Amino acid sequence: MDATENRIKTTKTARFYQLGTLSPGTKLVIFALHGYGQLASYFIKHFDSLADAETVILAPEGLSRFYLDGKWDRVGATWMTKEDRLFEIEDHVEFLNRLQAMVQEQAPNIMETIILGFSQGTATAWRWVMKGNVAPDQLILWAGSLPLDTLEKAAEKLKNCDLHFVLGDNDEFIKISDAEKQMEKLRTIQPNARFWTFTGEHRMDAPTLSKIFESFGT
């Protein structure tokens, strides 16, 4: 007798980290989505310099965690795997939608929303915008690949959003030539999409992050 595949909805406690205090005075909210094998508590440290009285940074954490080595010591998180991927995508979009709803309730006067996804978080950020309730003003895709199954509605979803793609010139996972092909796709969606590069590997880069944020509104 063959086993049958079944599913049941259940409640899971999701975790996020926050810099700054949400209030009616909050004007800018930044959602920062970590990469594969990272934890939000560490990833959010890249954004310390951006928090102020009117700016809040939130770093949600992937819903699945695992040990990174055989010592059962270091732990990382992931947004999804290829196994049961459609339901994992559905779950993290629901999580991010609920997080955004909480933000809107506590900070009703937000003037700008920025979403940044790093590495695996790039695909998560993109799918959230495509499938969720969020409409960011800036979407920063950092060292990750676009989910090709979501491009059909992208122009409509991103018509009021500026797009940015960021990559180190020595990234071990994505070549500059591949990134340029990805930029061609992005510019069919948003002709003014910007391509940022820095000297380095597959990582965040503080000077480049500062330059990108300084460019907003110019």
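User: Say a salt bridge is a side-chain nitrogen of Lys or Arg within 4 Å of a carboxyl oxygen of Asp or Glu; how many does a search of the whole structure find?

Analyst: The search finds nine of them. Please keep in mind that this is a predicted model, in which local features need pLDDT of at least 70 and side-chain atom pairs count only at pLDDT 80 or more, while totals for chains, interfaces and linings use all residues. Residues are numbered from 1 along each chain as its sequence is written, and side-chain values use heavy atoms, with hydrogens and water left out.

User: OK, let's go through a few. Which residue does E61 pair with?

Analyst: The partner of E61 is R15, and their closest N and O atoms are 2.8 Å apart. E61 sits in the loop between β3 (55-60) and β4 (64-67), whereas R15 belongs to the segment before β1, so this salt bridge ties together parts that are 46 residues apart in sequence. The strands and helices here are DSSP runs numbered from the N terminus (strands E, at least two residues; helices H or I, at least four).

User: And E61 itself, buried or exposed?

Analyst: E61 is buried, because its relative accessible area is 1%. For R15 the value is 31%, which means that R15 is partly exposed. The cut-offs, for a 1.4 Å probe and protein chains only, are under 20% for buried and over 50% for exposed, with partly exposed in between.

User: What about K9, what does that one bridge to?

Analyst: K9 pairs with D91, and in this case the closest N and O atoms lie 3.4 Å apart. K9 is in the segment before β1 (16-19) and D91 is in helix α2, so the bridge links parts of the chain that are 82 residues apart in sequence. K9 counts as exposed because its relative accessibility is 55%, while D91, at 33%, counts as partly exposed.

User: Anything towards the other end? Which residue does D205 bridge to?

Analyst: D205 forms a salt bridge with R203, and the closest N and O atoms of that pair are 3.1 Å apart. D205 is buried at a relative accessible area of 12%, whereas R203 is partly exposed at 34%.

User: Back to sharing, then: which residues are joined into one network?

Analyst: The network consists of K9, E90, D91, E94 and R98, which are joined by salt bridges that share partners. The K9 to D91 pair described above therefore has both of its residues in that network, and it is also the pair that ties the segment before β1 to helix α2.

User: Switching topic to S119. Where is it?

Analyst: S119 is found in the loop between β6 (112-118) and α3 (120-131). It counts as buried, because its relative accessibility is 17%.

User: Which side chain does the side chain of S119 make a polar contact with?

Analyst: It is the side chain of H202, at 2.8 Å. A polar contact is a pair of N or O atoms within 3.5 Å, where within protein one must be able to donate a hydrogen and the other to accept it, and residues adjacent in sequence count only if both atoms are side-chain atoms.

User: What else is S119 in contact with, leaving aside its neighbours within four places in sequence?

Analyst: Besides H202, the residues in contact with S119 on that basis are G35, W142, A143 and G144, where contact means heavy atoms within 4.5 Å.
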